[in-house]
Amino acid sequence: MTPTPTRKALLPVLEAIAEALMPSQPDKAAAARMDGKQDVARLYAASGNQQKNHMSQILVRMETNLTPESQTELFLLLNLLTWRIGCLLLCGFSALIGTFPFVATFHELPVTRREKAFKALQGLIMSVLLTAVDDKHANPVWPGMGYPGPMPVEPSKVNPKTVEAHKALQAGLVPLGKAHEQGKSPAQLRDMAAAKRLLVRDALRPSGPELDEEAGAGLVVRCDAVVVGSGAGAGPCTALLAAAGLKVVVLEKGTFTPNHELTLTEGDALCNMYEQDGMMCTEDGNIFIWAGATVGGGTRVNWCVSFRTPEHVRREWSEAYGLPMFTSDRYTHAMDAVCKRLGVNEEYKHGKQAQTMMDGLQAIGLKTANMPRNCLSHDCGHCCFGCPTGDKQDMTTTFLADAARDGAKIVTGIYADRIITSPNTSTTAVNGHVTDAHTNGHSASEPNSEHVPLNHAGHAVPSRAQQAEGVVAYLGTGKDRVKCVFKAPIVVSSAGSINSPALLLRSGITVNGNVGKNLRLHPAATTPAVFSEKEHGRMNMWQGPMMTTYSPDTPDWEGGGYGPMVSTPPVHPGLFASGVPWQGGEAFKAALEHYSNTAIACTYVRDRGSGRVTIDKQGKPRLHYTISPFDQKSMWKGLEIDIRAMAAAGAERVNNGGCGPDDTLHLSGNPAEDGPALEEFLTRLHAAGYQPYQRAHLSMHQMGTCRMGASPHCSVADSEGQCWDVAGLYIADASCFPTSSGVNPMITTESIAYTVGEGIAGKYQHLAGKRRQPVVIKYAD
């Protein structure tokens with residue numbers, strides 16, 4: 001059995017890998033100094049192993065965010081590299097040296113041999129090194145890249161409407177997680193909850209015997225509805241329930257940072273606002289996953305794109321999946337209401353990168369269009385780290401603030417572990433559906449539905465066997481964690497397509513094995529293109545509105561709708577360094593020097609293939625996904641369009657996203673002269689085929705893992721979002737998509753959540769005024 005390596009033993013290996021990935025180049029540094037380019041000289045002189053204080057941070061992030069199984073595998077690999085025999089096994093002849101003992105450990109090898117032998121940690125190491133800042137929020141490499149760093153906004157410059165919205169939001173925040181970190185006892189947590197008027201009314205159900213789950217709880221709260229998550233799904237649903245008079249508690253594991261306190265640094269945002277510090281990836285390591293993990297969820301850090309659900313997708317979900325709600329006036333009204341509340345518009349000026357992409361697309365004969373966005377500003381390149389001005393209309397400035405004004409409470413820093421259920425013995429079955437006094441006689445299984453689900457024999461599906469009773473959540477981890485129980489007959493899972501299925505699976509809810517299936521990711525790949533600064537000026541990918549132009553000709557909306565979307569994303573140093581094709585240490589340094597002259601085209605596909613979310617022994621989600629052959633063809637089509645567009649716009653160098661020497665096309669910058677070379681390059685690429693494991697992929701959109709459908713045999717929830725197996729449990733996030741949407745899913749998510757919230761509010765509103773006594777808040781010292 002391999003002994004567990006110590007941090008001290010692993011640090012030399014990490015430092016050696018960092019040096020191999022980003023080696024010092026004294027000759028180029030000297031040449032830059034001779035040319036008077038001092039910042040560029042410092043860039044070439046810098047080495048990855050010079051920032052030794054950040055190596056420990058890398059290990060901490062591994063230990064904090066990786067599953068135990070992944071930690072074991074990775075640490076085993078690193079540990080082997082500390083031994084001569086292990087280095088020989090992993091690196092082959094590269095580990096041989098000419099003097100005794102003839103085999104080197106990894107950190108003893110020359111840089112060139114390390115470079116060839118090991119690339120696996122590029123993304124993590126480079127992301128940390130290129131995002132780490134000093135006390136002045138600066139990084140020593142940024143000046144040589146032409147990157148100015150963050151530019152925080154003065155409080156006086158924040159949108160006044162956002163200031164007012166955040167006052168309302170903060171009045172509803174109950175930061176129990178922070179209080180627990182500060183050492184507050186369960187009794188003090190109870191007093192804090194009471195002081196924040198967490199609940200002031202009795203629950204819908206009369207007081208009854210205690211649930212078994214209450215044993216050992218430090219805090220027990222009765223309420224009408226518990227919403228898990230605070231993102232695009234939670235916002236509209238919570239707002240509608242609170243407006244109906246229900247007492248709603250939102251559970252959010254992240255925290256809230258007011259706009260004027262945002263650092264706008266990439267590293268800080270990844271560690272505090274993204275799932276697993278931005279380190280999450282699929283099990284095969286091929287696709288990095290970016291998902292919001294803060295108050296407001298993904299809406300707080302996304303790129304503002306606000307597409308309505310395309311008509312062909314609405315028809316597909318209605319006709320192929322038995323969900324006529326999606327082609328109904330009701331759903332259209334929901335989209336209208338959401339877009340109005342978010343101020344969706346197309347009134348903005350394109351940044352340099354987006355305009356270059358638009359020019360290139362038009363030059364190759366494709367139509368272009370502006371992306372609808374939920375932002376009132378023209379310059380928001382840092383909004384993927386939180387909006388500094390408050391002009392982005394995310395959940396914290398809109399629906400969550402509305403909910404807080406109507407009395408909803410948002411508990412932060414708390415981890416929802418599982419849903420409490422009990423046998424559904426208090427109900428009666430009517431036509432195969434459940435009704436009870438709490439729904440005023442409406443069907444709790446399929447209210448207002450046009451479909452009665454049937455089994456294969458044509459008989460009505462039996463009543464839901466379980467009833468939701470609330471949520472068990474925890475403050476902190478380990479032996480000092482505090483168990484909290486939120487008792488409610490309504491539970492809404494809006495934790496997203498990764499954490500909603502994980503929550504259900506931890507609760508023993510599988511719905512015929514459908515929970516976690518149908519994972520869609522909109523996998524994305526990039527095409528970096530370098531332009532002459534003299535001819536085109538700087539691209540400055542971090543400036544201007546984020547992601548604003550696309551071509552409606554590419555996604556095949558008039559056909560099957562499973563084509564690629566092409567656009568340009570905002571790319572800051574960490575994302576650039578971890579995603580740029582790595583073709584060796586020297587080439588990487590050159591890429592960093594040309595960072596400000598680089599434009600990146602991005603392709604994401606409406607994936608027809610799917611994967612699955614499972615949980616490990618600790619209950620953490622694991623993502624199993626491989627890009628299907630069909631989707632690889634789609635991706636290749638999109639990348640070809642990206643390459644043609646960038647060449648037509650005058651790029652001097654274009655890469656197809658691959659790391660091989662033949663994956664980069666060198667051009668003159670004159671499209672009229674570059675035609676033959678371009679066609680030869682594309683012909684060679686098509687002949688080689690799409691090779692997904694030779695390029696970096698990213699997913700910003702996760703969908704489908706608790707999908708809606710007409711039957712429990714193939715879905716998790718009905719058309720009202722209610723779980724087929726558990727009465728009172730609803731799904732209101734992108735996990736209930738029947739398929740991938742093919743466009744940025746925010747508006748679709750919020751519109752579905754709006755209809756789910758409307759349905760719940762309609763069933764329970766008549767009970768909102770029938771309060772009997774103050775809510776009972778219990779705790780154990």
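1. Asn345 is buried in this predicted model, because its relative accessibility is 16%, which falls under the 20% limit. The residue sits in the loop between α16 and α17 (352-363). Two backbone oxygens accompany its side chain: that of Gly343 is reached at 3.0 Å, and that of Cys375 lies 3.0 Å from a polar atom of the Asn345 side chain. Leaving aside residues up to four places away in sequence, Asn345 touches Met371, Pro372, Arg373, Cys375 and Leu376. Cys375 thus appears both in the polar contact and in the list of touching residues.

2. Two residues other than glycine deserve a check of their backbone angles. His137 has a positive phi near 60° and lies in the loop between α8 (122-131) and α9 (142-145). Gln276 has a positive phi of about 50° and is placed in the loop between α14 (266-273) and β5 (287-289). As to accessibility, His137 is partly exposed, because its relative accessible area of 36% lies between the limits of 20% and 50%. Gln276, at 18% relative accessibility, counts as buried because this value is under 20%.

3. Lys589 belongs to helix α22 (residues 585-593). Is this lysine buried or exposed? Lys589 is buried, with a relative accessible area of 0%. Its contacts, not counting residues up to four places away in sequence, are with Met22, Pro23, Ser24, Gln25, Leu43, Tyr44 and Ala46. The C-alpha atoms of Lys589 and Leu21 are 9.2 Å apart in space, although 568 residues separate the two in sequence.

4. For the protein chain as a whole, the secondary structure comprises 25 helices and 25 strands. Of its 781 residues, 61% count as buried. Where contacts join residues at least 6 apart in sequence, 77% of them link residues at least 24 apart.

5. An open sheet is formed by six strands in the order β1-β7-β4-β3-β13-β24, with parallel pairing. The edges are occupied by β1 (173-174) and β24 (729-731); each has a single partner strand, so one side of each has no neighbour in the sheet. Within this order, strand β4 (residues 248-252) and strand β7 (residues 409-412) run parallel and are joined by four bridges. Glu252 stands opposite Thr412 in β7.

6. Strand β2 (residues 219-222) is a separate matter. In a regular strand the side chains alternate between the two faces of the sheet. In β2 both faces are covered: Leu219 and Val221 are buried on one side, and Val220 and Arg222 are buried on the other. The strand pairs with β12 (residues 482-487) in the parallel sense over four bridges. In this pairing Arg222 stands opposite Lys487.

7. An antiparallel case is given by strands β18 (residues 612-615) and β19 (residues 621-624), which are joined by four bridges. Val613 stands opposite Leu623 of β19. Five residues lie between the strands of this hairpin, and Gly619 there takes a positive phi near 85°.

8. Which residues of helix α15 (residues 311-319) are buried? They are His312, Val313, Arg314, Glu316, Trp317 and Ser318. The elements that cover these buried residues include α16 (329-342) and α25 (746-764). Helix α16 is also one of the two helices that flank the loop of Asn345.

9. Internal space should be noted as well. Rolling a probe the size of a water molecule over the atoms shows where empty space is left. The model has five cavities of 30 Å³ or more. The volume of the second largest cavity is about 80 Å³. It is lined by 14 residues, of which Gln353, Met541, Gln543, Pro545 and Met547 are the closest to its centre. What is the make-up of the lining of the second largest cavity, in nonpolar, polar and charged residues? The lining divides into seven nonpolar residues, seven polar residues and no charged ones.

Notes: Residues are numbered from 1 along each chain as its sequence is written. This is a predicted model: local features need pLDDT of at least 70, side-chain atom pairs count only at pLDDT 80 or more; totals for chains, interfaces and linings use all residues. Side-chain values use heavy atoms; hydrogens and water are left out. Buried means under 20% relative accessible area, exposed over 50%, partly exposed in between (1.4 Å probe, protein chains only). Two strands pair if DSSP finds at least two bridges between them. Contact means heavy atoms within 4.5 Å. A polar contact is a pair of N or O atoms within 3.5 Å; within protein, one must be able to donate a hydrogen and the other to accept it, and residues adjacent in sequence count only if both atoms are side-chain atoms. On a 1 Å grid over the protein atoms alone, a cavity is a set of points where a 1.4 Å probe fits but cannot get out, and a pocket is an open set with protein on both sides within 12 Å along at least five of seven lines; lining residues have an atom within 4 Å of a point. Grid points are joined across faces, edges and corners, and a volume is the space filled by probe spheres set on the points. Ala, Val, Leu, Ile, Met, Phe, Trp, Tyr, Cys and Pro count as nonpolar, Asp, Glu, Lys and Arg as charged, and the others, Gly among them, as polar.
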